[in-house]
Amino acid sequence: ECHFINGTEKVRYVQRYIYNRQPYVMFDSDVGEYVGFTPLGERNAKRWNDDPTELEHRRAQVDRYCRHNYGS
């Protein structure tokens with residue numbers, strides 16, 4: 001999901017992983033890394049945060065996905 005504040009000047013990209021109506025891990029572009037909320041989510045967050053390619057891909061989503069689709 002994309003959150004736009006002041007047009008495209010301030011954009012926040014959030015990707016949530018939910019199982020059984022409970023979020024277990026989330027990527028927030030303001031934080032710049034994954035955050036786990038459950039033991040499984042913490043393990044996945046650590047694994048994904050240790051992969052620089054994955055983090056680079058998620059951080060680029062702000063421009064590639066959010067700003068690109070703004071106003072479409």
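## A walk through a small predicted fold

N20 is found in the loop between β2 and β3, and that loop is a friendly place to start. Keep in mind as you look that this is a predicted model. R21 lies in the loop between β2 and β3 as well. Look at the backbone of these two residues: phi of N20 is near 55°, a positive value in a residue other than glycine. R21 also has a positive phi, of about 65°, although it is not a glycine. Are these residues buried or exposed? N20 is exposed, with a relative accessible area of 65%, and R21 is exposed too, at 80%.

Now step back and take in the whole chain. The protein chain has 2 helices and 4 strands, and if you read along the sequence they follow the pattern β-β-β-β-α-α. In other words, the strands come before the helices in that pattern. Along its principal axes, the C-alpha trace spans about 40 × 30 × 15 Å. Of the 72 residues, 33% count as buried. The chain exposes about 5,100 Å², and carbon and sulfur atoms supply 47% of that area. As for charge, there are 11 positive and 11 negative charges, and their mean positions are 5 Å apart.

Next, let us go inside. Which residues make up the largest nonpolar core? This core has 11 residues: V11, Y13, Y24, V25, F27, Y34, A45, W48, L55, V62 and C66. The elements that give two or more residues to this core are β2 (10-19), β3 (22-28), α1 (39-49) and α2 (52-69), so both strands and helices are represented, given that elements are assigned as DSSP runs.

One core member, V25, is worth a closer look. Leaving aside its neighbours within four places in sequence, V25 is in contact with Q15, R16, Y17, Y34, V35, G36, F37, G41, A45 and W48. Among them, Y34, A45 and W48 are also listed in the core. For the chain in general, consider the contacts with a separation of 6 or more: residues 24 or more positions apart account for 26% of them.

From V25 we can move to one of its contacts, G36. G36 has its place in strand β4 (residues 33-36). With neighbours within four places in sequence again left aside, G36 is in contact with Y24, V25, G41, E42 and A45. You can also try judging distances from here. G36 and Y17 are 19 residues apart in sequence, and their C-alpha atoms are 9.6 Å apart in space. R67 is 31 residues from G36 along the chain, and the C-alpha atoms of this pair are separated by 26 Å. R67 is found in helix α2 and counts as partly exposed, at 31% relative accessibility.

Our last stop is a covalent link. How many disulfides does the structure hold? The structure holds 1 disulfide, which joins C2 to C66 with an S to S distance of 2.0 Å. The pair links distant parts of the chain: C2 is in strand β1 (residues 2-5) and C66 is in helix α2, 64 residues apart. With -85° about the S-S bond, the link is left-handed. The two ends have their own surroundings. C2 is partly exposed because its relative accessible area is 24%, whereas C66 is buried because its value is 1%. C66 brings us back to the interior, as one of the residues of the largest nonpolar core.

Note on methods: Residues are numbered from 1 along each chain as its sequence is written. This is a predicted model: local features need pLDDT of at least 70, side-chain atom pairs count only at pLDDT 80 or more; totals for chains, interfaces and linings use all residues. Side-chain values use heavy atoms; hydrogens and water are left out. A nonpolar core is a set of buried Ala, Val, Leu, Ile, Met, Phe, Trp, Tyr and Cys residues joined through side-chain atoms within 4.5 Å. Buried means under 20% relative accessible area, exposed over 50%, partly exposed in between (1.4 Å probe, protein chains only). Contact means heavy atoms within 4.5 Å. Accessible areas come from the Shrake-Rupley method with a 1.4 Å probe; for residues, only the protein chains shown count as cover. Lys and Arg count as positive and Asp and Glu as negative; His and the chain ends are not counted. The place of a charge is taken as NZ of Lys, CZ of Arg, CG of Asp or CD of Glu. A disulfide is a pair of cysteine sulfur atoms within 2.5 Å.
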